[in-house]
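Trainee: I'm seeing this structure for the first time. Could you choose a single part and take me through it closely?

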Amino acid sequence: MPKIVTFGEVMMRLTPPNLARLSQTSSFDITFGGGEANVAMSLADFGFEAAHVARFPDHALGHRAARFLRERGLDISTILYGGNRIGTYYLEEGASLRASQIVYDRQFSAFSEIQAGMIDWDQVLHGASWFHWAGITPALSQGCADACLEAVQAAQRLGVRVSGDIFYRANLWKYGKTPQEIIPELTRHTNLVNSSKGVLDLLFGFTSTDFTDACRQLQATFPAVQWVADTDRTQHSATHNDLSATLWNGQSLLQTPTFTIDPIIDRIGGGDAFVAGLIYGLTQFNDEQQALTFAVAASALKHTISGDANDCSVAEVEAIAAGQTSGRIKR
C-alpha cells in the first residue's frame, strides 16, 4: 500500500459530555485531532503506511498527543518536540436547531513556532507516494507557511503527489501576510485541490461563473493541478444534513448521489474523511467516479463516529457507497 505523509497542527479537543453547553459543564471529554492528521488516521485504517509531521511540547500532554497518533496507527518518528504549549480547542456540540460552536486556544502553540529548516523533508518524504497539507497550516505563522512550502517543493522534486485542502479562516491570518500572498505558491506544487468556487475566487482573484469555470481557471494558472473536488452540504439542522460531492478531472465534472445523515453524531472531521477517501480512491481504483463516491461515503460515515478522525474500514465505506444505509444490525 502507498505511504502518505501529512503536515499540520494536532490539537487537544475538550468536549462537554452529554451535549452540555460550555457554560454548563464541569468536565470535559478529551481527544486529539487536526485536519491533516485526521486524513492520515483515516488512511492508516484503510491500510496505508501513514506518517504525520507535527511539533508538540516536550511534556506529558505533548507525549500523550503523540501516543494518541501512534495508537491510531501513525508513524510518529517524524514528530518534533519543543515549545511550551499544545494547541487546544473546546467544542460545544449542537443538537437540532442549536448549532455547534468552537472556542480555540492555539496562540503561541509549539506547532505555530515551527521555522523553515527544522524539518528534513527529503528524509521525511523518502519512500512516500503522497503528501497532504491544508489551509490552516500556512495561516498560523510565517514559519509554518515557509515549512509547508519547503514540503511541497520537496514533494514535487521527489515525484510525490500532493493534495491540498484549500480553505480560508479569516481569524487565523494574523502575522502580516494574506492568504493571497501565500496560498498560490503552495498550490503551484499541488495535484489534488479540495476547495469551493467561492474560496478559489477569493484566494486567486477569479471571477468564475460556476465551479467548473473556477476549476478551469485554476488549472490554467497552476498546470500541476490534476483534480479539483468539493462537497455540497444541505443543512436541515445541526444533526440532519444531506451530503454529496463533485470532482473536476480536467475534462468533465463528476457528481455523486446524495447521502442523508440523520442524526449526526459528530460533524468535526467530515471534510478530512472526504479527502482521505478521495486519496484512497484515486490511488486504489481505476475509476474516478468510484473514487469520488467512496470519498463522500467515507465522509457521511464519519458523521456517525465521535472524535475528530474517521474510524472505519474500507469494507464499511464500500457498503455505504453501494447504498447499504439502512443501519440494519450485522449478525
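**A sheet and its loops**

Mentor: Let's begin with one pair of residues: E92 faces Q101, which belongs to β8. Before we go further, this is a predicted model, where local features need pLDDT of at least 70 and side-chain atom pairs count only at pLDDT 80 or more, while totals for chains, interfaces and linings use all residues. Residues are numbered from 1 along each chain as its sequence is written, and side-chain values use heavy atoms, without hydrogens or water.

Now look at the strands around that pair. β7, residues 88-92, runs antiparallel to β8, and five bridges link the two (strands are DSSP runs of E, at least two residues, and helices are runs of H or I, at least four, numbered from the N terminus; a pair needs at least two DSSP bridges).

Step back, and β7 and β8 turn out to belong to an open sheet of four strands, ordered β3-β2-β7-β8, with mixed pairing. The edges are held by β3 (29-33) and β8 (101-105); each has a single partner strand, so one side of each has no neighbour in the sheet. On average, neighbouring strands here are turned by 25 degrees against each other, direction ignored (axes are lines fitted to C-alpha atoms, for helices over the stretch in contact, and angles between N-to-C directions run from 0 to 180 degrees).

A helix joins the picture too. α2, residues 60-71, packs on the sheet and touches β2 (11-15) and β3 (contact means heavy atoms within 4.5 Å). The direction of α2 makes about 70 degrees with that of β3.

Next, follow the chain through the loops. The loop between β7 and β8 holds S96. Although S96 is not a glycine, its phi is positive, at about 55 degrees.

Which residue should you look for between β2 and β3? T25 sits in that loop. With neighbours within four places in sequence left aside, T25 is in contact with P16 and P17. The side chain of T25 also comes to 2.5 Å from the backbone oxygen of S27 (a polar contact is an N or O pair within 3.5 Å, one able to donate a hydrogen and the other to accept it; for residues adjacent in sequence, both atoms must be in side chains).

To finish, try tracing from T25 to A44: they are 19 residues apart in sequence, and their C-alpha atoms are 34 Å apart in space.
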